[in-house]
Amino acid sequence: MKFQNIMEKLIKCIPVFVIFIFGFAMQGELFHLTLGRTIFASYPASYCNIKESEFISFQNSIEQNAKATNVSYFFMSLENESRLAKKLIIYTDEDAVKQVLKKEKHIQEGFYQSLLSGVTEVVFLPLKDFSYDTLMLEPYLGMIGTEEARNSFYESLQSEYDISYPQIVESEETDMVVIVWSMVSMFLILINAGTILRNKKEILIRAVYGEDIVNITIHSMIEDLVLYESLYWFAKYFVSGIISGDYKPELVFLVFQVGCLIAVSLNLLYLKADVRAV
């Protein structure tokens, strides 16, 4: 019986582990596909229509007014070095930008490996390395700070230069993350439901021979919960060794927890079993 139980757990573990890997792989690919866009989807930016003759003074004004208004600023450019190699350059003199992006968007300087999108290098460069040609390609000035500070920063620049009011200029892929991990959760629920239906007769027999069906149910719920949580973190660790990047990990964890709790709660169906039917 113990050998049978071990085989039952292994049979359940393999497909669950595989779908978790699929979920984390898709999450990693979303990170790469949205890298750069996700920044402008979270922090307001102003469109800059600057003449070349104004460029140097515009840079100086940015630095001066950023300090005066307590706003952290940045420009970005994405360069395709080859079909499978990209470079995301973030131009800023503000350490706060690096800290915020690392904490809130899990983006920091380094290389990010993907299965399908190749390698993306993230680089931080000072504003003095930002050229007018780059501004023409990526004419958005990003801002991090309170709304009041951003408005003051904008007004101080807008009085001298042609820039738009700061606003969100990109959209996030939140719906795609929810769809992918809802599918993962649905498969998890179906796998656990199938396991419970297969084990129903065995549980009834154990109840007939004197075991408390409530204890059996609680024990089964704890086993499933520990199993699924362990597989989740193991799969996450496994995929992180292949794919760099973590897109909306808090949301992914929340969707998984909901699915996991639903799957585990299906064990309560054992309590509805009719022992007299055995």
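Two strands are taken to pair if DSSP finds at least two bridges between them. In this predicted model, strand E2 (72-82) meets that criterion with strand E3 (residues 85-91), the two running in the antiparallel sense over seven bridges. Within this pairing, Ser-77 has Ile-89 of E3 as its bridge partner. The connection from E2 to E3 is a hairpin of two residues. Strand E2 also pairs with strand E6 (residues 140-144), again in the antiparallel sense, over three bridges. Here Ser-72 is matched with Ile-144 in E6.

Strand E2 contributes in addition to the second largest pocket, whose space amounts to about 200 Å³. The lining of this pocket comprises 13 residues, and those nearest its centre are Arg-37, Phe-40, Met-76, Glu-138 and Glu-170. At least two lining residues are supplied by each of helix H2 (37-40) and strand E2. The largest share, three residues, is that of E2. By character, the lining of the second largest pocket consists of eight nonpolar, two polar and three charged residues.

Electrostatic contacts between side chains were examined next. Side chains of opposite charge can pair when their charged atoms come close. Over the whole structure, the search returns two salt bridges. One of them joins Lys-236 to Asp-246, with 3.0 Å between the closest N and O atoms. Because Lys-236 belongs to helix H8 (residues 213-240) and Asp-246 to the loop between H8 and helix H9 (249-265), this pair ties together parts that are 10 residues apart in sequence. The other salt bridge is formed by the side chains of Lys-128 and Asp-129, at an N to O distance of 3.5 Å. Lys-128 has a relative accessibility of 68% and therefore counts as exposed. Asp-129, with a relative accessible area of 36%, is partly exposed.

The loop between H8 and H9 also holds Lys-248, a residue that has a positive phi of about 50° although it is not a glycine. Most residues other than glycine have a negative phi. A further positive value occurs at His-106, where phi is near 55°. His-106 is located in the loop between helix H4 (95-105) and strand E4 (110-113). The relative accessible area of His-106 is 28%, so this residue is classed as partly exposed.

Helix H9 was considered with respect to its length and its burial. At 1.5 Å a residue, its 17 residues should span 24 Å, and the end C-alpha atoms are 24 Å apart, so the expected and modelled values agree. The buried positions of H9 are Pro-249, Val-252, Val-255, Phe-256, Gln-257, Gly-259, Cys-260, Ala-263 and Val-264. An α-helix has 3.6 residues a turn, so residues three or four places apart point the same way. Among the buried residues of H9 are Val-252, Val-255, Phe-256, Gly-259, Cys-260 and Ala-263. Leu-254 is likewise found in helix H9. The relative accessibility of Leu-254 is 51%, and exposed means over 50%, so Leu-254 counts as exposed. Leu-254 and Val-178 are separated by 76 residues in sequence, while their C-alpha atoms lie 9.7 Å apart in space.

Terms used. Residues numbered from 1 in each chain as written. Predicted model: local features only at pLDDT ≥ 70, side-chain atom pairs only at ≥ 80, totals over all residues. Heavy atoms only, no water. Salt bridge = Lys/Arg side-chain N within 4 Å of Asp/Glu carboxyl O. Buried < 20%, exposed > 50% of the residue type's maximum accessible area, 1.4 Å probe, protein only. Helix = DSSP H or I, 4+ residues; strand = E, 2+ residues; numbered from the N terminus. 1 Å grid on protein atoms, 1.4 Å probe; cavity = no way out; pocket = protein on both sides within 12 Å on 5 of 7 lines; lining within 4 Å. Points joined across faces, edges and corners; volume = space filled by probe spheres on them. Nonpolar A, V, L, I, M, F, W, Y, C, P; charged D, E, K, R; others polar. Expected span 1.5 Å × (residues − 1).
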